[in-house]
Every structure is written in C-alpha cells, then in structure tokens.
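Good morning, everyone. Please have the sequence and the model open, and follow along as I talk.

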Amino acid sequence: MRIAVCDDEEKFRNQARDMIDKLAGSLDVVVDAFEDGRKLLEAFDQKPYDVLFLDIEMPAMDGISLAKKLRERSESIYIVFLTGHVEYALQGYEVNALRYLTKPIQEDKLREVLKFVMDKNTTKRQILIKEDGDEMLINVSDIIYLEAQNQYVMIYTTDGEHLIRYNIGDFENELKGDGFFRVHRGYLISLAKVKKMGKGEVIMDGPEGQVGVPVSRSNMKALKEALYSYVENSAF
C-alpha cells in the first residue's frame, strides 16, 4: 500500500509519517511526505497512492483544491483531511473524503483509519438481489441510490441499474448500518456518494455525471446532520 502525507508544517508532516510507519509495522506499506501539493501531484502522476493524508490549510494550494485535482485522477483513492476545523466537513463531500483527523493526530484515530482502509481492500459487503429470475450479488459500496417505483425498486449503482420487485422500506432496514439515508418517501441514498447539497435536493456522484435526488423538506435538517455524523463516525 502506498500512502502520502502532505502538510506544509514539518512538525505535523513528520508526526503523521512516523506514526503511520509505526502502526504499519511489518506490513508492506510505503509512506512518502510532501510539503507542497504540487509536488504530490507530480509524484502521483508518476505512481499513484492508495491513501492520502492532506492538510487543509496550506499556502500554495489548500487541501480541498488539492483533493479535487487528485480525485480527477482517481475515484478509488482514500482521502483523509488533517485539520482542526470541523466546519470544512461538508466541503469534503465534494471529493468523497473518508474522514477528518484533528492535529496533532491521535494515534488511536489514525489506527482506525488504517484498519478501515486495509479491511476495505480485503473484504466488501454484498447483498443478494433477484432480477428477472436470476440471483446476483452486488457490492453495497457500489450503490449510489435506490428509487421506489410502485411495487419495484430501481437500484442505481456505479456499474448500472437493477430493477427488482422489493420494498424500499426493507432496503432501508437492511442498509441502515452501511451509511444510507432515506431522503424522501421514494428515495434511499448512500451518504458516501453525496457530492453536495442543493435546494430541495441532494446531488449524487453517478457513473455518468452528477444526478439530483429530491429531499423532502422535513428531511433536510436530518440529512445535513447525518452527513456530518457520517464524516466523523460512520466509517468506524
């Protein structure tokens, strides 16, 4: 696994790198440190990284802007922001940030991040669906959102669509521990696939571009709270 740390402050940069090295132990992990986002981009183009720890407040290029450029290069990388300001959380949804760690980094929080990433690389939770008489497994992490269509549910995933005879309420119960939220009577979304909040809708990151999903007025506040909570806690 290749990990990069980008922080303009040497103290925190070295702290993160040394702590990752310590926690990785004998695992096959390479950790590189950068003081400038432009240097990280150059290195990433030569050989991509799997996990990126980015300081948000940097002079030459802030962490959010850097993350957007990196996300253009890869949808699969894990991005973790280093900051002391939780108000940046929703901005992180624009780049599907995995988590925020406050500085100085707490070892137990960093351990959780590394464990989560390593577990994700080895196991994926799946659900069994029946479409046109055929049974198939789909990765929960591939689901963008679900839409109720009379007696059926359309499942929109990163690999395509699946129309099955099912009740969306049953899916809500089945996926409640996987970061899904019922934004509307007829829609259930993956918080991990949220791009940004709109007026009366939430913008999802679909395989062919952004897609708007309606949010009922009564659910707007709860959705925003769920997004903040997901950023802070749901991955762990």
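This is a predicted model. Let me start with one ring. F171 is buried, with a relative accessible area of 2%. The cut-off for buried is under 20%, so F171 counts as buried.

Which residue does F171 pair with? Its partner is Y166. The two rings lie 4.4 Å apart, centre to centre. Their planes make an angle of 45 degrees, and the pair is tilted. Why those two values? A pair of aromatic rings is described by the distance of the centres and the angle of the planes.

Is Y166 buried or partly exposed? Y166 counts as partly exposed, at 34% relative accessibility. So this pair joins a buried ring, F171, to a partly exposed one, Y166.

How many aromatic pairs does the structure hold? Seven. Here is another of them. F44 and Y49 form a tilted pair, 6.4 Å from centre to centre, with 35 degrees between the planes. F44 is buried, at 3% relative accessible area. Y49 is buried too, at 4%.

Stay with those two rings. Together with F34, F44 and Y49 belong to a cluster linked by ring pairs. Y49 has a further neighbour. The charged end of R2 sits over the Y49 ring, 4.2 Å from the ring centre. A similar arrangement involves Y152: the charged end of R165 sits over that ring, 5.5 Å from its centre.

Now the sheet. In what order do its strands run? The order is β10-β9-β8-β12-β11. That makes five strands in an open sheet, with antiparallel pairing. Find the edges next. They are β10, residues 160-165, and β11, residues 180-184, and each pairs on one side only. From one strand to the next, the twist averages 20 degrees. A general point for reading any sheet: in a regular strand the side chains alternate between the two faces of the sheet.

Take one edge. Strand β9 covers residues 152-157, and six bridges join it to β10. These two strands run antiparallel. Look for T157: its bridge partner in β10 is G160. The loop between β9 and β10 holds D159. Is D159 buried or exposed? At 69% relative accessibility, D159 counts as exposed. Now look for D142. D142 and D159 are 17 residues apart in sequence. In space, their C-alpha atoms are 7.4 Å apart.

Now the other edge. Strand β12 spans residues 187-190, and four bridges join it to β11. They also run antiparallel. R182 stands opposite L188 in β12. β11 and β12 form a hairpin, with two residues between them.

Last stop: helix α1. It runs over residues 10-24, which is 15 residues. From first C-alpha to last, α1 reaches 21 Å, close to the 21 Å expected at 1.5 Å a residue.

Which residues of α1 are buried? They are F12, R13, A16, M19, I20 and A24. They cover an arc of only 140 degrees around the axis, so they lie on the same side of α1. Turn to the other side, and you find E10, K11 and K22 exposed. What follows the helix? G25 does, and its phi is positive, near 60 degrees.

To finish, go back to the picture. Find the ring of F171 beside its tilted partner Y166. Then trace the sheet from edge strand β10 to edge strand β11. Thank you.

Definitions and conventions: Residues numbered from 1 in each chain as written. Predicted model: local features only at pLDDT ≥ 70, side-chain atom pairs only at ≥ 80, totals over all residues. Heavy atoms only, no water. Expected span 1.5 Å × (residues − 1). Buried < 20%, exposed > 50% of the residue type's maximum accessible area, 1.4 Å probe, protein only. Arc of directions from axis to C-beta. Phe/Tyr/Trp six-rings, centres within 6.5 Å; stacked < 30°, edge-to-face > 60°. Lys NZ or Arg CZ within 6 Å of the ring centre and 35° of its normal. Pairing = 2+ DSSP bridges. Axes fitted to C-alpha atoms, helices over the stretch in contact; angles between N-to-C directions.
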